[in-house]
Amino acid sequence: MPASARYSRPAIALHWITLLLIVVVYAMMELKGLFPKDSPEQGFMKMIHASCGLTILALTVVRLATRLARRSPAITPAPAAWEQFAARLMHAALYAMLLALPLLAWTGINAFGGTVKVWGIALPALIGMDKALGSTILDTHRLIANTGYFLIGLHALAALKHHYIRRDDTLRRMLPLRA
């Protein structure tokens, strides 16, 4: 596959690094319940969850800049107009989720008077203390995170559909190795 038909190496790297961090973020929240509340293990998992989540926020900003700087390579053969529209909608939803989740967590923790740290570095508070607002924000964070399972799964299924059923180059354009 010629390089012009693939995403750029930075775009590919950012995509797969983001996926890896998403897996870690979800794993930390799913597995933290295995340990007693407020235990060091649970605290470690929360720290990894928050740090990876905020790293995803930073990477998403870079990904959006990369995406705006360079057009996506064309899919061969071209999908139907409705599929292109659905793909744009899916990407918009995924990017919105990747931006919203860390920002909601950050503001929600601030609203409870907490300090958010990323890899041990304290971040400034985005909002003042307001526990009722914080509760609403964190509930919204959880709702979007749960919706994320569906969005991520649908995105992966669409890539597999394109690869195995339509037999186009959608997936190969984003694979890290030359495919």
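**Exercise 1.** In this predicted model, is R166 buried, partly exposed or exposed?

*Solution.* Take the relative accessibility of R166, which is 26%. Buried needs a value under 20%, and exposed needs one over 50%. R166 therefore counts as partly exposed.

**Exercise 2.** Which residue forms a salt bridge with E83, and which helices hold the pair?

*Solution.* Start with the distance. The closest N and O atoms of E83 and R166 are 3.8 Å apart. The cut-off is within 4 Å, so the pair is a salt bridge. Next, place the partners. E83 lies in helix 3 (residues 81-111), and R166 lies in helix 4 (residues 131-166), so the contact ties together parts that are 83 residues apart in sequence. Last, check the accessibility of E83. Its relative accessible area is 11%, and E83 is buried.

**Exercise 3.** Find what D168 pairs with, and place D168 in its network.

*Solution.* The side chain of D168 meets that of R166 in a salt bridge, at 2.6 Å from N to O. D168 has 1% relative accessibility and counts as buried. Now widen the view. Salt bridges link E83, K161, R166 and D168 in a network.

**Exercise 4.** Where do R142 and D139 lie, and how many residues apart are they?

*Solution.* Both residues lie in helix 4. They are three residues apart, about one turn of the helix. Their side chains form a salt bridge, with N to O at 2.8 Å. R142 is partly exposed at 46%. D139 is partly exposed too, at 42%.

**Exercise 5.** How many salt bridges does the count give?

*Solution.* Apply the cut-off of within 4 Å between N and O. The count comes to four salt bridges.

Methods: Residues are numbered from 1 along each chain as its sequence is written. This is a predicted model: local features need pLDDT of at least 70, side-chain atom pairs count only at pLDDT 80 or more; totals for chains, interfaces and linings use all residues. Side-chain values use heavy atoms; hydrogens and water are left out. Helices (H or I, at least four residues) and strands (E, at least two) are DSSP runs, numbered from the N terminus. Buried means under 20% relative accessible area, exposed over 50%, partly exposed in between (1.4 Å probe, protein chains only).
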